[in-house]
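Here are my notes on the model you sent, set out as numbered points so that each can be checked against the coordinates. Please read them with the structure open beside you.

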Amino acid sequence: MEGEKKRDYRGHVMVVPYHGQGHMNPMLQFCKRLSSKGIKITVATTVSIIKSLQQSKQAVTGESISLDPIYDDIVEGDMKTLGGFKVFLEKFESIASKNLEKLIMKNQENPLQYPIKCLVYDANLPWCLGIAKKMNVLGAAFFTQSCSSIYSYYKMTLDGEEGDKGPNSSIPDLSTIGIPVLRSFEGTSSGKHPPFLKFILDQLSNIKEADWVLFNSFNQLEEEVVEWMSKMCPVKTIGPTIPSVYLDNRIQDDNEYGFNLFKPNEDACANWLNTKEPGTVVYISFGSAASLGPEQMEELSWGLIEGKTHFLWVVRESEESKLPINFLQETSKNGIGLIVNWCPQLQVLSHEAVGCFITHCGWNSTIEGVCLGVPVVAMPQFLDQFSGAKFVEEVWRMGTRVRVDEKGFVRREEICRCIKEVMEGERSEEIKRNANKWKELAKDAVSEGGSSDNNTEEIIARLVHH
C-alpha cells in the first residue's frame, strides 16, 4: 500500500486471463507492456496460478502488477475433478464472476486504491464483459488465437442463420480473398458441432459490444482478415506478445513469460545446442496440450533418426511411454538427438544452432517462430493449427506442411522429406529469406505497439488516465 501512495499511476487496468499456459503468457506480456506505460495492473485469476506466478521472478514487473484470486481451484475444484471441463467452467463462471465484481468494487470504493477503468479479459470468458458494463468500466476482449481463426469461427456463427441475408451477407469466405480456412468440424449425434466447439463459439457471443477486440497478431501478418474483422468489431492487433528482449528491449530484463506448466530443462538444452554448428538442429515441440498417438510417435521418431540431422525434441513426461522401444538408447548411442520433457522455447528458437522448427502450429508457437525467423515444418493436430499451417506454407512461405497418408498418419519418409526441403532443398534459401523477412516485420510491428497507425498501449493509458 505504501508504494501505491508514492507512485502516480496513469490509471488502473484489471486483467482476467483464462487458465492454461497458451492463454496466460500472452496476457502477462501485455500486462508488462501496459505497466511500462505507467498503468497499474491487477491480474485476477485462480489461487493455483497465483501461487505459480509468485514463485517466478519474471512473472511480474515490480509493484505496478499485483495478483488477486477470484477462484480457489484447489478447494472448489479444477478441470480434473468430477464433471470435467464443462462442470468446471460452469462453477468457475458462477463463483469467479461474483468475486470479480467484488474485487472491482473494492478498488472503486477504497480511497487508497486507483479505481479500475478497464477490464481486459480472455475472450474465452465472455461473461466478463457483462461485469464490465455493470461496473461502468471499459471492456476489452483478448484473443490468444489468430485473427483468421476467429474470423472463421465468426463465419460459422452466421452461416445458415442471419449470415444469409442483410449486411452480414457481404462477409466473404476466407478462401475468396485468398486466405486459408479452418478444417471443417464433424457433426455429432448430440448436435451440429462437438461440445467443445460451443465453448469456442461462445467467445463471439458479445464481441460487438466490447470497447476493444485485441489480437496477439500484427497487421502485416494477416492484413486482409484484420481489415474485414475491423468492419464488424473494434479490432486492435497488439502482437506479437513475446518477452521484450527478443524484439525491442523496451522492457528491461524481460526475457521470460513467467508462467510454465512444466519445469524446463534449461541447462541441458543450452549445453547441448552449444556443441552444434549453426543451422544444423531440428527442434520439435507440440506444445502443452497436443498429443500424438503411439503409431505417429513411432513414425516421427524413426523419421528423425533416418533424417540424419541433429534434433532436440520436447516429449512431455506423460508422452514418453509412446516412444518406440530402444529409441532413447539409439538416440543416446549415436549422439544425434536430445530428448527433454520441457524446454525454454524462446531460448532454443533463438539459438544459432536451430535451423528448423517442427511444430503443431499452435498460435503462440507460430508467433514465436515468426518473431525469431525460424523456418517451419508444420504438423497441425486440431482447430486453428490447420489454418496456421497453411499460412506458414502458402501465405508467409517460410516453411512447408507435412502430408498425411490415407490412414491419417505422417510417415517417416514424409518427415525426412520436409526436413530436407526446409534445411537443404531447392526452396530452402527462399524459405530462410522469408523467415528473416517476417522476423524483421515482427520487430517493426511491436515497436509501433502492434498497429501501424496507433500504439494500443498508449491509447489505453490515455483513456484510463485517472
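**Notes on the predicted model**

1. The structure, which is a predicted model, holds three cavities of 30 Å³ or more. The largest cavity has a volume of about 90 Å³, and the second largest cavity contains about 50 Å³ of space.

2. On the lining of the largest cavity, one stretch of the chain contributes Phe 286, Gly 287, Ala 290, Ser 291, Leu 292 and Met 297, and the list is completed by Trp 313, Val 314, Val 315, Arg 316 and Glu 319. By residue class, this lining divides into seven nonpolar, two polar and two charged residues. The two charged residues are Arg 316 and Glu 319, while the two polar ones are Gly 287 and Ser 291.

3. The second largest cavity is lined by Gln 29, Arg 33, Ile 242, Pro 243, Ser 244, Leu 247, Asp 248, Arg 250, Ile 251, Asp 254 and Val 446. Here the division is five nonpolar, two polar and four charged residues. The charged residues in question are Arg 33, Asp 248, Arg 250 and Asp 254.

4. Trp 313, already named in the lining of the largest cavity, deserves a separate look. Trp 313 lies in strand β9, and it counts as buried because its relative accessibility is 1%, where the cut-off for buried is under 20%. Leaving aside neighbours within four places in sequence, Trp 313 is in contact with Ile 284, Phe 286, Met 297, Leu 300, Ser 301, Leu 304, Leu 323, Phe 327, Leu 338, Ile 339 and Val 340. Among these partners, Phe 286 and Met 297 also belong to the lining of the largest cavity. Between Trp 313 and Ile 358 the C-alpha to C-alpha distance is 9.2 Å, although the two are 45 residues apart in sequence.

5. Leu 463 offers a view of a residue at the surface. It is found in helix α17, which covers residues 456-463, and it counts as exposed because its relative accessibility is 51%, the cut-off for exposed being over 50%. Once neighbours within four places in sequence are set aside, Leu 463 is in contact with Leu 138 and Trp 212. Leu 463 and Leu 138 are 325 residues apart in sequence, yet their C-alpha atoms are 9.1 Å apart in space.

6. For the protein chain overall, there are 17 helices and 13 strands, and buried residues make up 57% of its 466 residues. Of the contacts with a separation of 6 or more, 72% are accounted for by residues 24 or more positions apart. The accessible surface comes to about 20200 Å², and carbon and sulfur atoms hold 49% of that area.

7. Which helix is largely enclosed by the rest of the structure? Helix α14 (residues 385-395) fits that description, because eight of its 11 residues are buried. The buried residues are Gln 385, Phe 386, Ser 387, Gly 388, Ala 389, Phe 391, Val 392 and Glu 393. After α14 comes Arg 397, which has a positive phi near 55°.

8. On cysteines, the structure holds zero disulfides. Cys 31 is buried, with a relative accessible area of 1%, and Cys 361 likewise counts as buried at 1% relative accessibility.

9. Some backbone details may merit a check by eye. The peptide bond from Gly 239 to Pro 240 is cis, with omega near -5°, and Pro 240 is found in the loop between β7 (235-237) and α9 (266-273). Asn 136, a residue other than glycine, has a positive phi near 60°; Asn 136 is found in the loop between α5 (127-134) and β5 (138-143), and it is exposed, with a relative accessible area of 71%. Asn 326 also has a positive phi, of about 75°, although it is not a glycine. Asn 326 has its place in the loop between β9 (310-314) and α11 (327-334), and at 47% relative accessibility it counts as partly exposed.

Key
Residues numbered from 1 in each chain as written. Predicted model: local features only at pLDDT ≥ 70, side-chain atom pairs only at ≥ 80, totals over all residues. Heavy atoms only, no water. 1 Å grid on protein atoms, 1.4 Å probe; cavity = no way out; pocket = protein on both sides within 12 Å on 5 of 7 lines; lining within 4 Å. Points joined across faces, edges and corners; volume = space filled by probe spheres on them. Helix = DSSP H or I, 4+ residues; strand = E, 2+ residues; numbered from the N terminus. Buried < 20%, exposed > 50% of the residue type's maximum accessible area, 1.4 Å probe, protein only. Contact = heavy atoms within 4.5 Å. Areas by Shrake-Rupley, 256 points an atom, 1.4 Å probe, with all protein chains shown as cover. Disulfide = S-S within 2.5 Å.
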